Amino acid sequence: MPTLADIVSLAKRRGFFYPGSDIYGGLANTWDYGPLGAELKKKIKELWWETFVTRRPDMVGLDSAVISSSKVWEASGHVASFADAMVDCKTCHARTRADHLIEDALDIKVEGKTLTELNEIIAKNNLKCPTCGNATLTNARSFNLLFPVHLGILAESADLAYLRGETAQGIFINFKNILDSTRVRLPFGVGQMGKSFRNEITKGQATFRTVEFEQGEIEYFFNPETTPWEPLFDSWLSAMKNFVIGTLGINETNLRTREHDDKERSFYSKKTVDLEYNYPFGYKELWGLAYRTDYDLQQHIKNSGADLSYLDPATNQKFVPHVIEPAVGIDRLVLMVLCDAYYHDEEHNRVVLKLAKKLAPYTVAVFPLLKNNPELVGRAKEIFDNLSARFRTAWDDRGNIGKRYYYQDEMGTPYCVTVDHQTLTDGTVTLRDRDTTEQIRLNASELIAHLEKSL
Ligand code: GAP
């Protein structure tokens, strides 16, 4: 298992992700995806959308606005209670999440505890500021996580809006639009992928928890009188696991599920289960699954006056549907994929990213043996053009071949093709396998068929 430092170092070295606003000294809890990270993330997002929206007749997609009316977030309950308990240090002024402070110092879980309970634990154990070590912490206070946005040109007339704290609310507020404009029938789901924003203090766990992140959320609507919720809940949990293990190729032994107890679970949820991955800093939430009942639709009915009920065409029954919500963080999927693929190959003294082949940012790399031999370069260019019409193909003519292989291994490129002097006489190239490092010789004209078969 790699350390987080191994992952961050590889990510920066090869261009998966970099600290945000880096040349200006950085901006805490923001990261930028580099050329390889952007490709990897795009592939994961496409697979999510294909699996959960495109291929399912019972699903439709949505792409709602990132900025939404403050009324949306008042109705959903986020303005009143979407908050983390924080303590400030009177000496160094560092702000720390109270639950993280306690969990790290005492190795106990404190989800669902009240401010008073958290303060009692901090005082009883005389917990100190994790930044400067002084016992000068304030009492824990609640800090709302939503980012306010002021719309309008004049500050006085500005209308308050919020950057969305979750993509889910965009689905609930469009429920009637979707019913009126499509031919969906219950049970059906709406999937949406996009950025969400939370003003949270994080623990320096790279892209695991950031203030700006991407979510893939599904609200699956059903009639609780005709569709029993338990089997539906279980089928979504299986679908989540299948995606992680079957589609992304993650090692099953690094996954576990954890059910929220009554204290941790939101008051409107009947059951919540987290699918957790064993990140370098321990098992943490990757994907949440919650039975949210009809809480959100009812809240928006109450606050907007809109009719968000469903009329069953078969029975003429009118009711407010319930929802089951599988909600995943795309950035956490990317981080998990990197952690799971990272392999230190001692035998060959290399780091190799054993990504599932379909996830690799580049499928194949083409190398001319010598960069100043026009014949070799010309033939290699022809092969590159042929391959790149079919696969994402990298080109590298710098340094010795061994170094070029190691570079591609760290990028996770499954195959490397070398064009050498023999290619010019008999048309064959060497094809090198990332995982085994074995090389075979085959005719360049067979490359596409060979790669397609192996993918
Ligand atoms: N609509 C429900 C909801 O938003 P959540 O557990 O707060 O539930 C869902 O978020 C998923 O979004 C989490 O399982 C996690 O993967 C991801 N997520 C939440 N906060 C995040 C953050 N600050 N940075 C990165 N991912 C985050």
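This passage walks through the sheets, helices and cysteines of one predicted model.

Because the model is predicted, local features need pLDDT of at least 70 and side-chain atom pairs count only at pLDDT 80 or more, while totals for chains, interfaces and linings use all residues. Residues are numbered from 1 along each chain as its sequence is written, and side-chain values use heavy atoms, with hydrogens and water left out.

Let's start with the seven-stranded sheet. Helices (H or I, at least four residues) and strands (E, at least two) are DSSP runs, numbered from the N terminus, and two strands pair if DSSP finds at least two bridges between them. Here, seven strands line up as β3-β10-β11-β17-β14-β13-β12 in an open sheet with mixed pairing. At the edges sit β3 (59-62) and β12 (255-259), each pairing on one side only. Going from one strand to its neighbour, the average turn is 25°, direction ignored; angles are taken between N-to-C directions and run from 0 to 180 degrees, with axes fitted to C-alpha atoms, for helices over the stretch in contact. Edge strand β3 runs parallel to β10 (residues 188-197), and four bridges join them. One residue to look for is Met 59, whose bridge partner in β10 is Gly 189.

Two helices pack on this sheet. Helix α2 (residues 35-54) touches β3, β10, β11 (212-222), β14 (282-293) and β17 (322-329), and its direction makes about 160° with that of β10; contact here means heavy atoms within 4.5 Å. Helix α9 (residues 229-247) touches β3, β11, β12, β13 (271-279), β14 and β17, and makes about 150° with the direction of β14.

Next comes a sheet of three strands. This one is also open, with the order β6-β5-β7 and antiparallel pairing. Its edge strands, each paired on one side only, are β6 (95-97) and β7 (141-144). Neighbouring strands in this sheet are turned by 50° on average, direction ignored. Strand β5 (residues 83-88) pairs with β7 over four bridges in the antiparallel sense, and Ala 85 stands opposite Ser 142 of β7. Helix α5 (residues 98-106) lies across β5 and β6, at about 70° to β6.

Strand β20 (residues 364-368) is worth a stop too. Five of its five residues are buried, so β20 is largely enclosed by the rest of the structure; buried means under 20% relative accessible area, exposed means over 50%, and partly exposed is in between (1.4 Å probe, protein chains only). Both faces are covered: Val 364, Val 366 and Pro 368 are buried on one side, and Ala 365 and Phe 367 on the other. β20 pairs in the parallel sense with β21 (residues 393-395) over three bridges, where Ala 365 stands opposite Ala 394. Together with helix α12 (residues 374-388), β20 and β21 make a right-handed β-α-β unit. Right-handed means that, with the strands pointing away from the viewer, the path from the first strand over the helix to the second runs clockwise. β20 also runs parallel to β22 (residues 415-419), joined by five bridges, and Pro 368 has Val 419 as its bridge partner there.

Last, the cysteines. A disulfide is a pair of cysteine sulfur atoms within 2.5 Å, and by this rule the count is zero. For Cys 129, the nearest cysteine sulfur belongs to Cys 92, 3.7 Å away. Cys 129 counts as buried because its relative accessibility is 3%, and Cys 339 counts as buried at 3% as well.
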